[in-house]
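Student: I am new to this structure and would like a close look at a single part of it. Could you pick one part and walk me through it slowly?

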Amino acid sequence: MASTFSKWLVDPKKNPLAAIHKKSLSARLRNYGLRYDDLHDPMYDLDVKEALNRLPREIVDARIQRLKRAMDLSMKHQYLPEDLQAMQTPFRSYLQEMLALVKRERAEREALGALPLYQRTIP
């Protein structure tokens with residue numbers, strides 16, 4: 001029961017409040033030219049760091065460029081021009097598949113009792 005409710009709660013297609021939240025989040029990400037996956041912090045979650053290491057270099061470079069542009073715009077108290085905001089795709093994922101693979105591999109290693117690929121300590 002709780003699982004069904006939690007799925008309904010976060011699904012924008014079924015819950016109108018989730019749809020409103022997704023729309024406002026999309027607008028805020030478009031203002032700075034970011035994607036939702038850009039919000040993951042590799043220093044906080046080592047699975048994200050490992051997934052980013054496995055992605056092609058051009059994808060990681062594009063992510064870094066988007067983050068730099070967003071920080072620059074934020075420091076200047078500006079937004080992207082309207083024509084560039086219209087071109088942004090904030091919910092087009094580039095990290096989720098690799099992140100799911102890394103988490104599955106980590107869970108499999110733990111189930112088999114193998115040593116982890118990396119230490120699970122947060123700096």
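Tutor: Gladly! Let us take helix α2, which covers residues 16-32 and gives the most to the lining of the largest pocket, with four residues. Please keep in mind that this is a predicted model.

Let us begin with the pocket itself. The space in the largest pocket comes to about 220 Å³. Its lining is made up of V10, A18, H21, K22, L25, Y36, D37, P90, F91, R92, S93 and Q96. Sorted by class, six of the lining residues are nonpolar, three are polar and three are charged.

Now to the helix. With 17 residues at 1.5 Å a residue, α2 should span 24 Å, and its end C-alpha atoms are 25 Å apart, so the two values agree. At the start of α2, a side-chain oxygen of N15 comes to within 3.0 Å of the backbone nitrogen of L17. Past the other end, α2 is followed by G33, which has a positive phi, near 75°. Which residues of α2 are buried? They are A18, L25, S26, L29 and N31. Two names here may ring a bell, as A18 and L25 are also among the residues that line the largest pocket.

Next, let us follow the aromatic rings. The count of aromatic pairs in this model comes to two. One of them joins Y32 and Y79 in an edge-to-face pair, with 5.4 Å from centre to centre and 75° between the planes. Because Y32 lies in helix α2 and Y79 in the loop between α4 and α5, this pair ties together parts that are 47 residues apart in sequence. Y32 itself is partly exposed, with a relative accessible area of 24%.

The rings of Y36 and F91 also pair: their centres are 5.9 Å apart and their planes are at 35°, so this pair is tilted. Y36 belongs to the loop between α2 and α3 (46-54), and F91 to the loop between α5 and α6 (96-112), so here the parts tied together are 55 residues apart in sequence. Both residues bring us back to the pocket, since Y36 and F91 are part of its lining. Y36 is partly exposed, at a relative accessible area of 39%, and F91 also counts as partly exposed, at 36%.

From here we can look around the neighbouring loops. The loop between α2 and α3 also holds Y44, which counts as exposed at 60% relative accessibility. The C-alpha atoms of Y44 and I20 are separated by 28 Å, although the two residues are 24 residues apart along the chain.

The loop that holds Y79, between α4 and α5, is also where H77 is found. H77 has a phi near 55°, a positive value in a residue other than glycine. Is H77 buried or exposed? H77 is exposed, with a relative accessible area of 75%.

Finally, the loop between α5 and α6 contains Q88. Unlike exposed H77, Q88 is buried, with a relative accessible area of 15%, which falls under the 20% that marks a buried residue. A polar atom of the Q88 side chain lies 3.0 Å from the backbone oxygen of L84.

To look back at where we started, helix α2 gives four residues to the lining of the largest pocket, and through Y32 it takes part in an aromatic pair with Y79.

How values were computed:
Residues numbered from 1 in each chain as written. Predicted model: local features only at pLDDT ≥ 70, side-chain atom pairs only at ≥ 80, totals over all residues. Heavy atoms only, no water. 1 Å grid on protein atoms, 1.4 Å probe; cavity = no way out; pocket = protein on both sides within 12 Å on 5 of 7 lines; lining within 4 Å. Points joined across faces, edges and corners; volume = space filled by probe spheres on them. Helix = DSSP H or I, 4+ residues; strand = E, 2+ residues; numbered from the N terminus. Nonpolar A, V, L, I, M, F, W, Y, C, P; charged D, E, K, R; others polar. Buried < 20%, exposed > 50% of the residue type's maximum accessible area, 1.4 Å probe, protein only. Expected span 1.5 Å × (residues − 1). Polar contact = N/O pair within 3.5 Å; in protein donor to acceptor, adjacent residues only side chain to side chain. Phe/Tyr/Trp six-rings, centres within 6.5 Å; stacked < 30°, edge-to-face > 60°.
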